[in-house]
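Trainee: I have a model open and want to test the terms used for it. Can we go through them one by one?

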Amino acid sequence: MSHLKGKVTLAVMSAAKRGNPLAKQLVTQETKRFASTLPDQSPIITGDYMIPDLNRPLPEDMQGGMLGDYEMKALDITPIQSTDLKGRKVAAAMISLGSYGVGTHGFFGLLFEDEHWLVVPVHMARSWLSLDGRILEDERDTRAWIQNGDDAAMSDRLMGAEITEAMFAAHALALEFDNGASLRIAKDPAQRPKFPDGAARAFLPTDNLANAVFLSPSGEIFV
């Protein structure tokens with residue numbers, strides 16, 4: 001709130017903290033105005049991805065910390081092709097990959113039977129991805145696959161399924177499976193659930209999901 005003090009007086013802010021409804025409304029309005037001046041932020045999380053180097057264990061007295069039991073190494077990212085995925089069979093699905101040390105970005109990942117991961121590095125990707133036309137997680141949607149943190153239904157639908165088709169575009173992706181399942185990020189923002197504040201869940205014009213999705217030999221990914 002320190003950025004707002006020039007436009008919203010300390011007296012108003014103090015009154016809002018005490019619960020004054022008019023003051024709270026004024027602060028909310030000014031907060032929205034301030035937020036509208038900030039540059040748009042991409043939902044795709046980029047940066048230097050790091051994974052454990054299993055050939056370089058940490059000394060025993062340093063193991064078990066924030067970064068695990070191994071030294072870290074850079075993960076080289078190259079855009080994947082649909083042919084890289086066809087025929088791969090899903091062993092597990094995860095919704096909370098991409099650690100920043102004290103939490104996760106919520107990347108979505110599919111673990112294949114060959115022990116490689118397909119990673120969708122979108123912040124809280126489970127609120128962007130739909131499976132068979134139903135969003136993975138949206139607390140406002142009783143049809144969502146994940147309810148109250150329970151992702152068993154989603155996992156059951158994907159585990160053991162083999163990818164038959166894959167498509168990646170700048171603002172969309174689609175994976176088709178041999179059991180009839182379909183995992184997608186819709187191209188049209190109107191087909192995605194809105195953010196809680198009503199804003200459209202949209203990519204930036206410069207975003208390119210096709211260049212962002214990657215394969216990783218590890219699900220332990222640090223950004």
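**Terms against values**

Trainee: What makes a contact in the protein count, and what share of those between residues at least 6 apart in sequence joins residues at least 24 apart?
Mentor: Keep in mind that this is a predicted model. A contact needs heavy atoms within 4.5 Å. Of the contacts between residues at least 6 apart in sequence, 52% join residues at least 24 apart.

Trainee: How many helices and strands does the protein have?
Mentor: The count is 4 helices and 11 strands.

Trainee: Why is strand β9 called mostly covered?
Mentor: Buried means under 20% relative accessible area. In β9, residues 173-177, 4 of the 5 residues are buried. Hence the wording "mostly covered". For the protein as a whole, buried residues make up 39% of 223.

Trainee: How do you know that β8 and β9 pair?
Mentor: Pairing takes at least two bridges between the strands. β8, residues 163-168, and β9 have 5 bridges, so they count as paired. The sense is antiparallel. M167 stands opposite A174 in β9. A hairpin through 4 residues joins the two strands.

Trainee: What makes β9 and β10 a pair?
Mentor: The same cut-off of at least two bridges applies. β9 and β10, residues 182-185, are joined by 4 bridges, so the pair qualifies. They run antiparallel. A174 has R184 as its bridge partner in β10, and L175 stands opposite L183. Their hairpin has 4 residues between the strands, and G180 there takes a positive phi near 90°.

Trainee: What makes β7 and β8 edge strands?
Mentor: Start with the order of the open sheet of 5 strands: β7-β6-β10-β9-β8, with antiparallel pairing. β7 (134-135) and β8 each pair on one side only, which is what marks them as edges.

Trainee: Why is one side of β3 and of β11 left without a neighbour in the sheet?
Mentor: The open sheet of 4 strands has the order β3-β4-β5-β11, again with antiparallel pairing. β3 (90-99) and β11 (214-216) stand at its edges with a single partner strand each, so one side of each has no neighbour there. On average, neighbouring strands of this sheet are turned by 30° against each other, direction ignored.

Trainee: How do you know that β3 and β4 pair?
Mentor: Set 6 bridges against the required two: β3 and β4, residues 104-112, therefore pair. They run antiparallel. V90 stands opposite F112 in β4.

Methods. Residues numbered from 1 in each chain as written. Predicted model: local features only at pLDDT ≥ 70, side-chain atom pairs only at ≥ 80, totals over all residues. Heavy atoms only, no water. Buried < 20%, exposed > 50% of the residue type's maximum accessible area, 1.4 Å probe, protein only. Axes fitted to C-alpha atoms, helices over the stretch in contact; angles between N-to-C directions.
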